[in-house]
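Here are my notes after a pass through this one. Have the viewer open while you read them.

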Amino acid sequence: MNIPAMVVRVKQKRIAELISHGKRLDERGLDEYRDIQLEVGVIERAEGSARIRLGKTEVMVGVKIETGEPFPDVPNEGVLTVNAELVPLASPTFEAGPPDENSIELARIVDRGIRESKAITLEKLCITPQKKVFVVFVDIYVLNHDGNLIDASAMAALAALLNTKMFNYELKNDEVQIKPGYTQLPIVNHPVAVTFAKINDKIVVDPWLEEEQVMDARITITMDKDDKVCAVQKGGYGYFSKEQIFEAAKIAKKKSEELRKILVKS
Amino acid sequence: MAKKSPEKGEKPEKLINKNNIRIDGRKLNELRPTKLEVGILSNADGSAYIEQGKNKILAAVYGPKELHPKHLALPDRALLHCRYHMAPFSVQERKSPAPSRREIELSKVIRESLEPSIFAEYYPRTSIDVFIEVLQADGGTRCAGITIASLALADAGIPMRDLVSACAAGKVEGHLLLDLTDTEDKAGEADLPLAFMPNFNAITLLQMDGKLTPDEFEQAVNMAVEGCKQMSTLQKEALKAKYVVKEANEE
């Protein structure tokens with residue numbers, strides 16, 4: 001993400017030097033995530049919600065379900081909408097206003113993981129083909145920015161979706177009437193994003209903010225539960241070699257399995 | 001992307017026949033017929049045009065120039081600004097000219113794909129503006145846009161480490177293939193756009209959506225890199241073509 005140089009130069013140098021020796025300033029291994037704390041069902045008004053702490057990074061995701069019209073090219077499928085807000089209270093670099101390119105990119109990476117892995121059975125969210133379907137709004141709310149918002153948001157989004165309960169309904173004269181009771185949102189795949197930073201020609205997972213400020217480039221690889229790659233996004237001003245990308249894909253497979261265990265049991 | 005409506009008309013039953021020939025007669029690893037032209041807009045400092053199959057895209061570069069508003073200026077390098085935009089008539093159903101979320105994201109990743117190639121540090125406190133206008137779209141427009149934006153930067157005389165070439169690979173009906181058309185992309189299982197600087201073995205843009213096994217992912221990356229190398233040859237030819245024509249005019 002585009003952040004002004006706030007880390008003292010000396011510290012930047014130290015971070016980069018350590019990484020070239022296979023070490024990190026916070027004593028993590030190059031392929032080690034920060035501590036993850038996950039809570040689900042934190043917002044009672046939302047149909048589903050989750051709050052994740054990834055180190056000091058904190059993201060909340062709320063899922064709301066409403067009825068709406070389907071897209072004309074897929075008339076019998078529900079609609080998935082992912083939006084991200086970089087709330088001004090989360091970082092001195094975030095400003096209020098319409099979503100900027102960073103928040104749009106964040107939302108679209110998370111969206112791509114959920115959509116391309118076919119995590120939600122959207123066909124089951126159809127009420128009346130061509131007319132009425134359920135719309136699933138996934139709203140990502142960044143509360144504290146300390147790096148790697150992508151992985152934190154993707155994990156919180158999946159946890160919130162797994163936690164989502166849909167109200168029961170019946171159709172009366174084409175109108176949706178809410179009935180008592182809930183059913184689980186049909187989630188059949190579990191996409192997990194793993195983000196790498198390239199620093200001093202080495203790749204490290206889960207960069208925290210100060211690492212993001214010194215990194216040359218970033219790559220996110222989203223793996224589904226069958227170990228298939230379902231979304232990739234490179235970011236940042238630098239580049240990767242082919243070999244680095246293949247190495248990242250191998251680490252992503254291993255890491256996504258670890259992260260998925262944390263998410264799916266909660 | 002999911003919001004785009006499909007092309008009108010009958011969808012063919014199979015996009016790849018049993019001899020591994022695609023619906024438009026191409027082999028699996030073949031680029032579409034591609035025409036590149038450099039320096040075709042007189043007002044811009046640099047410009048380029050591509051016709052790649054049905055894709056018709058223009059790129060123009062203005063700068064290095066004074067930056068407004070001034071507080072955005074970077075003390076140690078030029079600010080690269082990039083706008084990818086689709087004309088309302090470029091797709092089957094009219095697209096609103098207001099920038100969509102997709103266009104904002106693509107503008108960002110295209111900028112990041114070009115940034116490693118230019119010596120931005122030579123022009124501190126200035127801006128270099130890159131405009132990409134998609135006049136007609138048929139899949140792979142971000143890649144084609146990068147390819148010509150890089151040519152337009154070279155045409156503008158901006159010092160560069162290498163040309164950036166871009167090309168997508170993907171998976172359709174179980175086959176990995178190069179340079180997908182819109183129809184192939186929509187019907188396909190995966191799409192992987194990639195930008196590459198051949199002299200540095202550097203991948204400057206990589207995105208993917210769909211589903212690929214890790215093995216297929218590696219193959220697709222390799223295939224896209226090979227496509228970029230072919231595109232790079234075409235880019236150099238296009239630059240040389242402009243140079244030769246100019247010399248003839250001067251005589």
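The points below cover the sheet, the helices on it, and one helix pair.

1. Keep in mind that this is a predicted model.

2. Start with the sheet, which draws on both chains: eight strands, antiparallel in their pairing, make an open sheet that runs β10(A)-β9(A)-β11(A)-β12(A)-β9(B)-β8(B)-β6(B)-β7(B). At its edges sit β10 of chain A (202-205) and β7 of chain B (175-178), each with pairing on one side only. From one strand to the next, the twist averages 20 degrees.

3. On the chain B side, have a look at β6(B) (165-172) and β8(B) (190-197): they are antiparallel and share seven bridges. For a place to zoom in, K171(B) has A190(B) of β8(B) as its bridge partner.

4. Now the helices on the sheet. Helix α2 of chain A (101-116) packs there and touches β9, β11 and β12 of chain A, plus β9 of chain B. Its direction is about 165 degrees from that of β12(A). In chain B, α2 (141-155) lies across β6, β8 and β9 of chain B, at about 165 degrees to β6(B).

5. Which residues bring α3(A) and α5(A) together? First the geometry: the axes of α3(A) (149-162) and α5(A) (242-265) come within 9 Å and cross at roughly 35 degrees, and the crossing is right-handed. From α3(A), the contact uses M155(A), L158(A), A159(A) and L162(A); from α5(A), it uses L259(A), L263(A) and V264(A). By class that is seven nonpolar residues, with no polar and no charged ones.

Notes: Residues numbered from 1 in each chain as written. Chains lettered and ligands numbered in written order. Predicted model: local features only at pLDDT ≥ 70, side-chain atom pairs only at ≥ 80, totals over all residues. Axes fitted to C-alpha atoms, helices over the stretch in contact; angles between N-to-C directions. Helix = DSSP H or I, 4+ residues; strand = E, 2+ residues; numbered from the N terminus. Left-handed = near helix turned anticlockwise from the far one by under 90°. Contact = placed C-beta atoms within 7 Å. Nonpolar A, V, L, I, M, F, W, Y, C, P; charged D, E, K, R; others polar. Pairing = 2+ DSSP bridges.
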